[in-house]
Amino acid sequence: MATLNYQAPTTVQDAVRLLAGAGGIAKVLAGGTDLLVQLRSGRVKPDLIIDTKKIPGLIGIREVDGGFVIGAATPGAAIGECEPLVKAWPGVVEAATLIGSTQVQGRASLAGNLCNASPAADSVPALIAAKAICVIVGPKGRREAPVESIIIGPGRTSLERDEIVTEFHLPKRPPRSADAYLRFIPRTEMDIAVVGAGISVTLDAGGVCRDARVALGAVAPTPLLVPEAAGALIGRKLDQTALDALDAAARKACKPIDDKRGTIDYRIKVAGVLARRAAAIAFERAGDGR
Ligand SMILES: Cc1cc2nc3c(=O)[nH]c(=O)nc-3n(C[C@H](O)[C@H](O)[C@H](O)COP(=O)(O)OP(=O)(O)OC[C@H]3O[C@@H](n4cnc5c(N)ncnc54)[C@H](O)[C@@H]3O)c2cc1C
């Protein structure tokens, strides 16, 4: 039986060097709530595991220029306890903190959720709606990429095999801005989203939407940014016309699968309903003068 090598580097450069120099299969470890399950079930058989949690900056949240930098391996529990982040990005926080259970929350990270590349990953639509950027480091240096460019298919990312995500950047918010994330699951918790909807809006003083981003999860092979759905909101108050247009645009973007959690028709219908409800929450929060 091949031995599994575990390394816990203390710099990003060492982590990248280990990844780049690995002969067999190397896997990056954050919280392990996906990776260890896959390891135990035999779905992945890495030769090397590179734990990122000892690298300074990979865990923690900083406010920079009015925005936020979230370390890639920061667990959901820490994200939920960061009051300024909850105030600025309540949707991102609610998406991150509904992953799993209290135990899972102590470990599960945004980078793990993104790089596991499930179409149903909960934090991803919220991050996409938030226009989050991830910082990626590899042997060629540092680059930045929008979150929506990372997942390219179920279980597949656009990262090179020797690249790691180090942090997520959330931009500074204009006044009267807010976001929301909603998912539908058949049970009350510990289940995979049938549909997830993340919406971020900025309103003017009269309550008219000046900017919006809408993202959907679990309705296509990758989480979707849906500009047509955002277009249904921009320039309008959240009246029936806007809600109907949002619902229609969200439904039109869906290319879901049929499975035991929901049929294609069901998922498409739920996507429209969740988009409406998430928009209502985001508008209400933004109108509260955030
Ligand atoms: C009981 C249970 C319930 C769950 N419930 C939910 C849920 O409700 N919603 C949901 O979306 N998910 C859920 N999950 C899945 C999982 O908890 C999440 O996807 C979590 O965010 C993964 O984060 P992690 O830090 O544990 O990732 P890990 O398991 O450490 O890593 C996951 C993948 O990402 C890669 N990776 C990790 N960090 C990096 C990095 N910095 N750069 C590049 N690649 C990296 C790893 O190599 C691996 O392929 C659940 C899992 C369990 C076991």
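In this predicted model, A218 counts as buried, at 10% relative accessibility. The residue belongs to the loop between β13 (209-217) and β14, and its phi is near 70°, a positive value in a residue other than glycine. Most residues other than glycine have a negative phi, so A218 is worth a look on the screen. A second case of this kind is D65, which is not a glycine either and has a positive phi of about 50°. D65 sits in the loop between β4 (61-64) and β5 (67-71). Its surroundings contrast with those of A218: D65 is exposed, with a relative accessible area of 73%, whereas A218 is buried because its 10% falls under the 20% limit.

Another loop residue that invites attention is P56, located between β3 (48-51) and β4. P56 counts as exposed, at 66% relative accessibility. Its C-alpha atom is separated by 6.9 Å from that of T10, although the two residues are 46 residues apart along the chain.

The strand β14 that follows the loop of A218 takes part in an open sheet of four strands, with antiparallel pairing and the order β11-β12-β13-β14. β11 (177-184) and β14 (224-225) stand at the edges with a single partner strand each, so one side of each has no neighbour in the sheet. Eight bridges connect β11 with strand β12 (residues 195-203) in the antiparallel sense. Within this pairing, Y181 is placed opposite G198 of β12.

A further set of antiparallel pairings is centred on strand β6 (residues 133-138). This strand is mostly covered, five of its six residues being buried. On one hand, β6 is joined to strand β7 (residues 141-146) by six bridges, and the two run antiparallel. They form a hairpin with two residues between them, and V137 stands opposite R142 in β7. On the other hand, β6 also pairs with β10, again in the antiparallel sense, over five bridges. Here I133 has H169 of β10 as its bridge partner. Strands of a sheet pair through backbone hydrogen bonds, either parallel or antiparallel.

Where do the nonpolar side chains gather? In soluble globular proteins, nonpolar side chains tend to be buried together. The largest nonpolar core of the model has 50 residues, and L85, F168 and L170 have the most contacts inside it. Helix α8 (residues 123-129) gives the most to this core, contributing five residues. Apart from it lies another core, of 34 residues, which includes V201, L224, L233 and A250. F168 illustrates how the largest core is knit together: leaving aside residues up to four places away in sequence, F168 touches F68, V69, I70, A72, L110, A111, L114, L127, I133, C134 and V147. One of these partners, I133, is the residue already met as the bridge partner of H169.

Burial is also pronounced in helix α5 (residues 90-97), which is mostly covered, with six of its eight residues buried. These buried residues are P90, G91, V92, V93, A95 and A96.

The ligand is surrounded by 29 residues, of which V28, T33, D34, S109 and D122 are the closest. Several polar atoms approach the ligand. An N or O atom in the side chain of S109 is 2.6 Å from an oxygen atom of the ligand, and a polar side-chain atom of N113 lies 2.9 Å from a ligand oxygen atom. The backbone contributes too, since a backbone N or O atom of G100 lies 3.1 Å from a nitrogen atom of the ligand. Taken alone, the ligand exposes 990 Å², and the protein buries 87% of that. Which elements give two or more residues to the shell around the ligand? They are β2 (26-29), α7 (110-115) and β10 (164-170). Of the elements, α7 gives the most to this shell, with four residues. β10 thus links two parts of the description, as it lends residues to the shell around the ligand and pairs with β6 over five bridges.

Definitions and conventions:
Residues numbered from 1 in each chain as written. Predicted model: local features only at pLDDT ≥ 70, side-chain atom pairs only at ≥ 80, totals over all residues. Heavy atoms only, no water. Core = buried A, V, L, I, M, F, W, Y, C linked by side-chain atoms within 4.5 Å. Buried < 20%, exposed > 50% of the residue type's maximum accessible area, 1.4 Å probe, protein only. Contact = heavy atoms within 4.5 Å. Pairing = 2+ DSSP bridges. Near = heavy atom within 4 Å. Polar contact = N/O pair within 3.5 Å; in protein donor to acceptor, adjacent residues only side chain to side chain. Areas by Shrake-Rupley, 256 points an atom, 1.4 Å probe, with all protein chains shown as cover.
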